[in-house]
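Here are my notes on the model you sent over. Have it open on your screen while you read.

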Amino acid sequence: SAMELVELDIVDIISSDYVPHSLLHAAVFIAQRTGKPLYETMRLVTSNPAAAIGLGGDRGSLEVGKRADLLTMHVITEQGHDSVPVIQSVFVKGRRVA
């Protein structure tokens, strides 16, 4: 399974064509299941894919000179259930759009 590959630390990128919100869920799920910090698992859906397709120069991480596309979220965790990320705001090029 894909989770087995993640646990072996041989997954660099997670992507989705049709269900983009699943990427956020995947990063949270992987952090929960592996015990890795969320900032590490988020790289699978942010900076790693951006770098792989040549967009790492201005996207994928928060750094001076980059686009400043980001979202804020909180994670709902109930005992016995997987954690669920809830998006609170979305910023594109540093401007709040949602």
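The points below go through the salt bridges and then the sheet.

1. Before anything else, keep in mind that this is a predicted model. The numbers that follow are computed from its atoms, and local features are taken up where pLDDT is at least 70.

2. On the charged pairs, the model holds five salt bridges. I'll go through some of them, including K36 with D9, D58 with R59 and E63 with K66.

3. Start with K36 and D9, whose side chains come together at 2.5 Å, N to O. Where do the two residues sit? K36 is in the loop between α2 (21-34) and α3 (38-42), while D9 is in the loop between α1 (2-7) and α2, so this salt bridge ties together parts that are 27 residues apart in sequence. As for exposure, K36 is partly exposed at 26% relative accessible area, and D9 counts as exposed at 53%.

4. Next come D58 and R59, with side chains that meet in a salt bridge at 3.0 Å, N to O. D58 is partly exposed, with a relative accessible area of 27%. R59 is partly exposed too, at 31%.

5. Then there's E63 with K66, where the closest N and O atoms are 3.2 Å apart. Is K66 buried or exposed? K66 counts as buried, because its relative accessibility is 17% and the cut-off for buried is under 20%. Its partner E63 is partly exposed, at 47%.

6. Now the sheet. Three strands make it up, in the order β1-β2-β3, with antiparallel pairing, and the sheet is open. Which strands stand at the edges? They are β1 (70-76) and β3 (95-96); each has a single partner strand, so one side of each is left without a neighbour in the sheet. As a reminder, strands of a sheet pair through backbone hydrogen bonds, either parallel or antiparallel.

7. If you want to look at one pairing, try β1 with β2 (residues 84-92). How many bridges link these two strands? They pair over seven, in the antiparallel sense. To find your place along β2, look for P85, which stands opposite V75.

8. Last, the helix against the sheet. α2 lies across β1 and β2, and the angle it makes with β2 is about 125°. This is the helix that also came up in point 3, since the loops holding K36 and D9 both adjoin α2.

Key
Residues numbered from 1 in each chain as written. Predicted model: local features only at pLDDT ≥ 70, side-chain atom pairs only at ≥ 80, totals over all residues. Heavy atoms only, no water. Salt bridge = Lys/Arg side-chain N within 4 Å of Asp/Glu carboxyl O. Helix = DSSP H or I, 4+ residues; strand = E, 2+ residues; numbered from the N terminus. Buried < 20%, exposed > 50% of the residue type's maximum accessible area, 1.4 Å probe, protein only. Pairing = 2+ DSSP bridges. Contact = heavy atoms within 4.5 Å. Axes fitted to C-alpha atoms, helices over the stretch in contact; angles between N-to-C directions.
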